[in-house]
Amino acid sequence: MGHRMGTDRAPAGLFRRLAALLYDILLVIAVLFIAALPLPLVEEPVRALWWARTLEQLYLLTAWFLFFGWFWTHGGQTVGMKAWRMKLQCMNGDKPTWRDALIRFAVSCGAFWLLLALFGLELVSGKIAFVLAGVLFSFAFFWVLIDRKGRAWHDYLSRTQLVMAHPSNH
């Protein structure tokens, strides 16, 4: 089994990850805003039904996933990752598949899912849900400071890694 090119790149640090995430969050907000434009066309009595709200949330969640998934599977770089000279690749150096992207997305957004579930089910107040989600999100990302290979939880569970890109990749 040969050594694949690109598996020896330095892992991306926490600051770069968070800076790229900030860039990408701004773009995701814009994408979700555009994706939500047709939603008010659905009659209000229908939009008030639980199943319609669920479908609406799944639609926006899909748009959110497709944003990241497309970038990760087509070149391994979101706009933020490109700006901060990072690239996503599988642990063996291959480009991520849609399956890898889905696992990474689900795990990296785990704090958001927790926030939605706890608050949506009214199990806790919005403040408590926000704090719990923030703690989980922070712990998952700050794991790069503990892991000897510089991986966050979503890197580890999706068998991907965020590495420094070659200068020619930006």
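This is a short walk through one structure, from its largest pocket to its cores and two loop residues. Keep in mind that the model is predicted.

Let's start with the pocket. The largest one holds about 670 Å³ of space. It is lined by 28 residues, and the closest to its centre are Leu21, Ile25, Trp64, Cys109 and Phe137. What kinds of residues make up the lining of the largest pocket? They divide into 21 nonpolar, four polar and three charged.

Which helices supply that lining? At least two residues each come from α1 (14-36), α3 (50-73), α5 (98-108), α6 (110-120) and α7 (126-142). The biggest share is from α1, which gives eight residues.

So much for the pocket; now α1 itself. This helix has 23 residues. From first C-alpha to last, α1 reaches 32 Å, close to the 33 Å expected at 1.5 Å a residue. Several of its residues are buried: Leu14, Arg17, Ala19, Ala20, Leu21, Asp24, Val28 and Ala35. Note Leu21 there. Leu21 is buried in α1, and it is also among the residues closest to the pocket centre.

Next, the nonpolar cores. The largest has 16 residues. Inside it, the most contacts belong to Trp64, Phe68, Trp72, Met81, Met86, Phe105 and Leu162. At least two residues of this core come from each of α1, α3, β1 (86-90) and α5. Here α3 gives the most, with six residues. Apart from this core lies another, of five residues, including Leu21, Phe141, Val144 and Ala152.

Look at Met86 for a moment. What does Met86 contact, leaving aside its neighbours within four places in sequence? The list is Ala12, Arg16, Arg17, Ala20, Gln77, Met81, Leu162, Val163, Met164 and Ala165. Two of these, Arg17 and Ala20, are among the buried residues of α1.

Last, two arginines in loops. Arg85 sits in the loop between α4 (79-83) and β1. Its phi is near 55°, a positive value in a residue other than glycine. Is Arg85 buried or partly exposed? Its relative accessibility is 35%, so Arg85 counts as partly exposed.

Arg159 lies in the loop between α8 (153-158) and β2 (160-164). Arg159 is not a glycine either, yet its phi is positive, at about 55°. Because its relative accessibility is 62%, Arg159 counts as exposed.

To recap: α1 gives the most to the lining of the largest pocket, and α3 gives the most to the largest nonpolar core. Thanks, that's my tour.

Key:
Residues are numbered from 1 along each chain as its sequence is written. This is a predicted model: local features need pLDDT of at least 70, side-chain atom pairs count only at pLDDT 80 or more; totals for chains, interfaces and linings use all residues. Side-chain values use heavy atoms; hydrogens and water are left out. On a 1 Å grid over the protein atoms alone, a cavity is a set of points where a 1.4 Å probe fits but cannot get out, and a pocket is an open set with protein on both sides within 12 Å along at least five of seven lines; lining residues have an atom within 4 Å of a point. Grid points are joined across faces, edges and corners, and a volume is the space filled by probe spheres set on the points. Helices (H or I, at least four residues) and strands (E, at least two) are DSSP runs, numbered from the N terminus. Ala, Val, Leu, Ile, Met, Phe, Trp, Tyr, Cys and Pro count as nonpolar, Asp, Glu, Lys and Arg as charged, and the others, Gly among them, as polar. The expected span of a helix is 1.5 Å times one less than its number of residues. Buried means under 20% relative accessible area, exposed over 50%, partly exposed in between (1.4 Å probe, protein chains only). A nonpolar core is a set of buried Ala, Val, Leu, Ile, Met, Phe, Trp, Tyr and Cys residues joined through side-chain atoms within 4.5 Å. Contact means heavy atoms within 4.5 Å.
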